[in-house]
Amino acid sequence: MLETEVGGTDRQQGPPPQAVREALCRILTSPDFDRTERVRDFLTYVVEETLQGRPSRIKGYNIATSVFGRDESFDAQVDSIVRIVAGRLRRSIEHYYLTSGCDEAVRIRIPKGSYVPVFETVGEGQPVAAVPIEGKLSIVGGGPSLYVEPFTEEGDHSAFPHFTKGLTRSLVVGLSRFTALRVFGPESEAHTEEALATKARYVLRGGAAIASDRFWLDIVFAEQRTGRTIWAESFERPMNPSEMFTLRNEVANRVVQTLAQPYGMISSDRARDGDGEPPDQLSSYGCVLHFHQYWRTFDPKLLPEVRACLERTIRREPNYADAFACLSLIYSNTYRFHGESVPPDSDLLDRSLALADRAIELAPNSSWSHYARSLAYWFLFDLESSIASLEMARALNPNDTSITADLGQRYAMLGEWRKGVPLLEESYARNPAQPGSYRIGLFLYHYAHGRYEEALMQARKMGAPGIYGPVAIAMAAAQLGHTEEACRAVKRILAQDPSYGDHVGPDMEKRSLRPDLARMVVDGLREAGLPAAETDPRSQRGCNREAL
């Protein structure tokens, strides 16, 4: 491999400038390379500066001011735009050379620790070294550890000798899909049972009894150090040999969902440890728990402190994938719910996507990392990539009902009811306590089909702060002639945004709601009496202007 040395000094004769520019053009026009303007401008700038003999000028400050339009006060310690886009650029180049650029003879790469590109010529038949990914998934963040003990056996297990061993393995597999947990089982390497039990904060133990026609399971989840029982449950199922594995896995999934979901027994128990702690003194894992407290309600008062806490965490623990994923979701939500305060030229969504990409690098099997990428894509209007990322997240962890619900919500917003509604109904059946905000999809489904009683029931259950609960209530109540309830909901909307009636349509477009459904929302709010410049009072069934 022939390579032009960083800084312009030739180790050996590298590819000629014209060949480099042609290679650059192929990268920029490839569908397998990042489509965002910032990444493309970054690559073009550093390549041209190097070819023009000015590699010494390729510094973070010059890139920020020349490429991203930052002013002279730019401070890389405060604004991480160059570092974030550089990381995304390196990943995009790597992806390109693994896909449509795999046969390229002239290659461009940006080494770690520098923004100056290296130009390489790959000899025929010569293997290409993969670009290393910074960091590996490691035990960071102080997430809880859990030991799954071998289950005791009662009765005659001779007909099903591997029943309890299979159950233990199913529990370990299901729990391990929640990557914030450190899960150990009886087969964990290089650890004795006693050492594992001592190291783990929590222990899951139980016993199984089998009869000719039934089996019973008693399961206890406890704190290892104190022996305090946190949760216990008994299960009884018919013993049908043809369905034994299905029933066993159904019980295992039920246990996993109860314990490990973002609002399950483990996170609830750990959250109590941080009660009363100031946000600036929370541990890294405490910041992730604080994020889930915010994510449950989308309470805007929590947003600034959660964001600051997670930003401190990724500086302190740069390999903590869950923190990167959660911060990505915070940036997406800042755009989603507080976009009016975001400057038009903000790179908030690019940062969100870069953080999600970094989370996936650190933990490719983390469902929440892919979930974070999905939300960033959604608000960048790349709906196909968004759905694909959410489908991947669900495949990685089908026991996480938050991901199942969000996927159902996205399908509902696209009007794909046959896909979306079953996912939403399944998620609430498995976890009735999950956030009510996912009921928006069920509201849209019933309202679009003229089932206004069912729509109003879903709207009342949303219960989250923000404008969309009142929006749904106002629409359904107006259709049912519940004027007082519609009027109260309209007042709640106006208290949050006095001019919301003038920009309902653009708001629905920003959220990628299917156009006919967006029109349905606009018309429904007009009928509910939400004031707007073009509203005809004669068309209103709900709150009139005098009542407001």
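A disulfide is taken here as a pair of cysteine sulfur atoms within 2.5 Å, and in general terms it is a covalent bond between the sulfur atoms of two cysteines. In the present structure, which is a predicted model, a search of the whole structure finds 1 disulfide. This disulfide joins Cys287 to Cys309, with a computed distance from S to S of 1.8 Å, a value that falls within the cut-off of 2.5 Å. The torsion about the S-S bond of Cys287 and Cys309 is about -65°, and the disulfide is therefore left-handed. Because Cys287 lies in helix 9 (residues 284–297) and Cys309 in helix 10 (residues 303–316), the pair ties together parts that are 22 residues apart in sequence. Both of these cysteines, Cys287 and Cys309, are buried.

Two further cysteines can be described beside this pair. Cys25 has a relative accessible area of 46% and is partly exposed. Cys326, by contrast, is in no disulfide, since the nearest cysteine sulfur, which belongs to Cys287, is 9.9 Å away, whereas the cut-off for a disulfide is 2.5 Å. With a relative accessibility of 3%, Cys326 counts as buried, because buried means under 20% relative accessible area.

Aromatic rings provide a second set of contacts, and the structure holds 18 aromatic pairs. One of these is formed by Trp295 and Phe298, whose arrangement is edge-to-face, with 5.0 Å from centre to centre and 90° between the planes. Trp295 is buried, and Phe298 is buried as well. Another aromatic pair, that of Phe337 and Tyr468, is tilted, with 6.4 Å from centre to centre and 45° between the planes. Since Phe337 lies in helix 11 and Tyr468 in helix 19, this pair ties together parts that are 131 residues apart in sequence. The two partners also have their own accessibility values: Phe337, at 25% relative accessibility, counts as partly exposed, while Tyr468, at 19%, counts as buried. Ring pairs link Phe337 and Tyr468, together with Phe291, Tyr294, Trp295, Phe298, Trp368 and Tyr371, into a cluster.

Phe337 and Tyr468 appear again in the description of the largest pocket. Rolling a probe the size of a water molecule over the atoms shows where empty space is left. The largest pocket has a volume of about 1000 Å³, and its lining is made up of 43 residues, of which Arg336, Phe337, Ile467, Tyr468 and Arg511 lie nearest its centre. Several helices, among them helix 11 (321–338), helix 13 (367–379), helix 15 (401–413) and helix 17 (439–448), each supply at least two residues of this lining, and the same holds for helix 19 (468–479) and helix 21 (504–510). The largest share, 5 residues, comes from helix 19, the helix in which Tyr468 lies. When the residues of the lining are divided by kind, 25 are nonpolar, 8 are polar and 10 are charged.

A polar contact between side chains completes the account. Arg38, which is found in helix 2 (residues 37–51), is joined to Asp350 by a polar contact of 2.6 Å between the two side chains. The relative accessible area of Arg38 is 19%, and the residue is therefore buried, given that buried means under 20%.

Terms used:
Residues numbered from 1 in each chain as written. Predicted model: local features only at pLDDT ≥ 70, side-chain atom pairs only at ≥ 80, totals over all residues. Heavy atoms only, no water. Helix = DSSP H or I, 4+ residues; strand = E, 2+ residues; numbered from the N terminus. Buried < 20%, exposed > 50% of the residue type's maximum accessible area, 1.4 Å probe, protein only. Polar contact = N/O pair within 3.5 Å; in protein donor to acceptor, adjacent residues only side chain to side chain. 1 Å grid on protein atoms, 1.4 Å probe; cavity = no way out; pocket = protein on both sides within 12 Å on 5 of 7 lines; lining within 4 Å. Points joined across faces, edges and corners; volume = space filled by probe spheres on them. Nonpolar A, V, L, I, M, F, W, Y, C, P; charged D, E, K, R; others polar. Phe/Tyr/Trp six-rings, centres within 6.5 Å; stacked < 30°, edge-to-face > 60°.
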